[in-house]
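Biologist: I'd like to go through this one with you and ask where the labels come from. Can we take it a label at a time?

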Amino acid sequence: MVEIFINALFSLLALEIFAAMIVGTFAGVIVGAMPGLTTTVGLAVLIPFTFGISPPVALGLMAGIYNGSTYGGAIPAILLNIPGTPAAVATTFDGFPMSQSGKSADALKIACYSSALGAMLSAVALMVLAPPLSLLTLAFGPAEYFWVAVLGLVTISVLLGADPLKGLISATLGLFIAGVGMDQMTGRMRFTFGQLELVDGINIVVVLVGLFALPRVFRMAEDAINVGISKDVIRLKGSGSALGGLGYLIPTWLKSGFIGIIIGILPGAGGNIAAFLAYNEAKRVGKDDAIEFGKGNPKGIAAAEAGNSSDNGASLIPTLTLGVPGNSIAALIMGGLLVHGLQPGPSLFRDNPDIVYGFMIQMLLTAMLLFVVGGMVATRVFAQALRIPQTLLAPMIVGLMVLGVYTVNNATFDLYLMLGFGLLGYFMNKRGFPLAPLVLGVILGGLAEQSLRTALRISQGNWSILVTNTISQIIILIIFLALLTPAWRWGRAKLAARRASAAPHSP
Amino acid sequence: MKISKPYLMAGAAVLSLGIMSAGSAQADYPDRTISLMVGFSAGGPVDITARQVQPFLEKHLGGANIAVINRPGASSALMQQEVANADPDGYTLALASMPGMVAALFGGDAEYSIDDFDYLGTFTSEPHSLIVGMDTPYETLDDLVAQVREEPGSVTMGGAGLGSAAHLALLVFEREADIRFNFIPGPGAAEMRNQIMGGHIDGGLTAVGGGAQMHEEGQGRVLGVMGAERFELAPDLPTFVEQGYDVEWGAVRGLAAPAGLPDDVREKLIDAIEATLADPEFIEMTERDRQMIYYLNAEEFAQLARTQYDNLQGIWDEEPWIEE
């Protein structure tokens, strides 16, 4: 095991690969720092583009963007009270108050070190857990994969979105999109309308780019008209003390890292949920702190940032081993692997060890790079990214997207598809439909259908193949637990409400 | 992985499309970029052949500029349709892979026929192989056939999707031995390999390169190779023919163009193919990459397309492999 990692490390020793990691991390921080751009937008624009470059370079860029943007989101969260990415919402709670009290440089430093440590812990978890799990997945046949896909579908519908109905509609739309193309078992065409372009179904990369990046661009165009160009000058204040002074944050970091890793492995949840849970836990433990939570407690920043960053590597565990992405960022990374013909699963670990183990190391190295970014000079530069006018940014992004998506299949058809998905995403955003269930619906719906029908074909139509083996039974049990969670939560809330209403009557 | 500058190529393709309608004097062919179209994604076996022959064709066309353009989709039907409709001026060529090019005509919406192409010559051939899992009891094809005869449909055989070269190979074997497997179409060779190793399916069909590799690494047992003779790069694997089953099946890859090429252009392309195959550097490269050089001239290649079409038509009429 160690030997494979050492070999992979040596395979990374090339100038362009290290350059890719550095460029990716810095670009990620900028992408995260700009409120219009999120990790998903950054990756969606980049991935089709990496098609022409060698996989280690492409994956280095992706790892950098993933880790960098998770930290970058904290910069506007702390300086302007605007989360740069959804995962940075919890960072605003204590980050902005701390910044207002004149310690913005300290707040940024804490956010940066917390992000770096969280992401490093998560990368280590990925390196330790993914290889043995990938061996285990050889025991997964079509029946087991079917249940894994169902588990993914169940958890996204339960865990995502304020309005579960809208989440379900979004997921169903995804399932429908997964159904387009030739029926793999009979060869019948479904919803292809005689278009050869649709026979193989709709390319997931086209869906991802259209859905995540275009609506953002539309929004930028709208904002540019309404808001105009910001002329704020951003100043950093505070002492910028060294890591030595931050030792008291170690317990918060470790606990938040653990929470983030667990949330990362579970499908459905993402960095924002990890950050909230970690923040709540820190708040629960630190009730008696000198600085109250929400009024600029450094532990609040540390918990939120370590929490959201430790989601990163862990979310790739099910992605790399099972081909089941836990959230939309992992789905994008999977799209990036597929563009290079790298199919997640045991064969990835067996046939391309240098690439997959190298990628895990890249997740670790790019996390370490964040320490460099944490320096005052770098942070000062990144803070200026907030001032790039959106009127310049939006057309640049569209240009990149069109060029990138065209390159995947050399197909003009894909550009129209991308535009269609962009409009779909725009209206879904406007109407409050979450996009992630749709994307996971496309990926998991295809997997579920293919696995179910393959299983039934192997068993010659005998449905018992789905429940007769232990792995399937364990996954079914987990599915039941996942389904029961909302009911349990509802019941507990009801109980609490009854107690609360009963309280005034008791003496 | 050698994937060279698709952006430049895309750009070059756009440029060459723009000038495509210009003039018909071909004496100075080629005087602009030639598009070599591939019906599969970059990195796949057909794409690799295209990228292997590209520099040699460039060299033997007197320093021409050839761009490999991937147009994956519908089992290569998309690319073939595009090439069939292109101007026959020698600037749009197809890396034609048999039997895929012919098989894509059955059951789909493809709007071209095998007569829409000028077949120029072939480069390589790779026979298919039948492989079973290490935990299965089968040591020879006879063992396998005996089991299937006893319990029809009890043996599961994987392979890339319906109508793929692997699936058609199985159909040909079934007809020769008069047996019936339970065919499990899968998304690709990597997944099939996992399913065989995990014991979820009994075996499958794959090109001999991948089959021999699994065999060597103890991930499966190759029971037979569908070549006329033993595969020279894995000589210990038995053929179907020597076990008494007259099955020869494999992928043959060559160069085709839209029908109606000017004679001098056709001549130049055929000369370039022959020069490529005789090029010592090309021979060395194919040996290193476990590719088998296999040359059919233009007439033989066209004949192969015709024969394979008729064979598949015969199978299709009796048992269509795709529901319409």
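**Labels and their cut-offs**

Modeller: Let's start at the end of helix α13 of chain A: A:Gly323 follows it, with a positive phi near 75°. Bear in mind that this is a predicted model, where local features need pLDDT of at least 70, side-chain atom pairs count only at pLDDT 80 or more, and totals for chains, interfaces and linings use all residues; side-chain values rest on heavy atoms, without hydrogens or water. Residues are numbered from 1 along each chain as its sequence is written, while chains are lettered from A and ligands numbered from 1 in the order in which they are written.

Biologist: How do you know that the span of helix α13 of chain A agrees with its 12 residues?

Modeller: A helix here is a DSSP run of H or I with at least four residues, a strand is a run of E with at least two, and both are numbered from the N terminus. The expected span is 1.5 Å times one less than the number of residues. For residues 311-322 that gives 16 Å, and the end C-alpha atoms are 18 Å apart, which agrees.

Biologist: And what makes α13(A) largely enclosed by the rest of the structure?

Modeller: Buried means under 20% relative accessible area, exposed over 50%, and partly exposed in between (1.4 Å probe, protein chains only). In α13(A), 12 of the 12 residues are buried, so the rest of the structure largely encloses this helix. Among them are A:Asp311, A:Pro318 and A:Leu322.

Biologist: Is A:Phe10 buried or exposed, and how do you know?

Modeller: Set its 57% relative accessibility against the over 50% cut-off, and A:Phe10 counts as exposed. A:Phe10 sits in helix α1 of chain A. Together with A:Met1, A:Val2, A:Ile6, A:Leu13 and A:Phe18, A:Phe10 forms a nonpolar surface patch with about 610 Å² of accessible area.

Biologist: What makes a group of residues a patch?

Modeller: Each member needs over 30% relative accessible area and no salt bridge; like charges are joined within 9 Å, and nonpolar side chains (Val, Leu, Ile, Met, Phe, Trp, Tyr) within 5 Å. Chain B has a negative one, with members including B:Glu176, B:Asp246 and B:Glu287. B:Glu176 has a relative accessible area of 37%, so this residue clears the over 30% cut-off and is partly exposed.

Biologist: Why is the contact of A:Lys255 and A:Glu281 called a salt bridge?

Modeller: The definition asks for a side-chain nitrogen of Lys or Arg within 4 Å of a carboxyl oxygen of Asp or Glu. A:Lys255 and A:Glu281 are at 3.3 Å, N to O, so their side chains meet in a salt bridge. A:Lys255 lies in helix α10 (residues 250-265) and A:Glu281 in helix α11 (residues 271-285) of chain A, so the pair ties together parts 26 residues apart in sequence.

Biologist: What about B:Arg266 and B:Asp118?

Modeller: Their distance is 3.0 Å, N to O, so that pair qualifies too. B:Arg266 lies in helix α9 and B:Asp118 in strand β4 of chain B, so parts 148 residues apart in sequence are tied together. At a relative accessible area of 12%, B:Asp118 is buried.

Biologist: Last one: what is odd about the phi of A:Asn410?

Modeller: A:Asn410 has a positive phi of about 50° although it is not a glycine. A:Asn410 lies in the loop between α18 (390-409) and α19 (412-430) of chain A. With 13% relative accessibility against the under 20% cut-off, A:Asn410 counts as buried.

How values were computed: Accessible areas come from the Shrake-Rupley method with a 1.4 Å probe; for residues, only the protein chains shown count as cover. Lys and Arg count as positive and Asp and Glu as negative; His and the chain ends are not counted. The place of a charge is taken as NZ of Lys, CZ of Arg, CG of Asp or CD of Glu.
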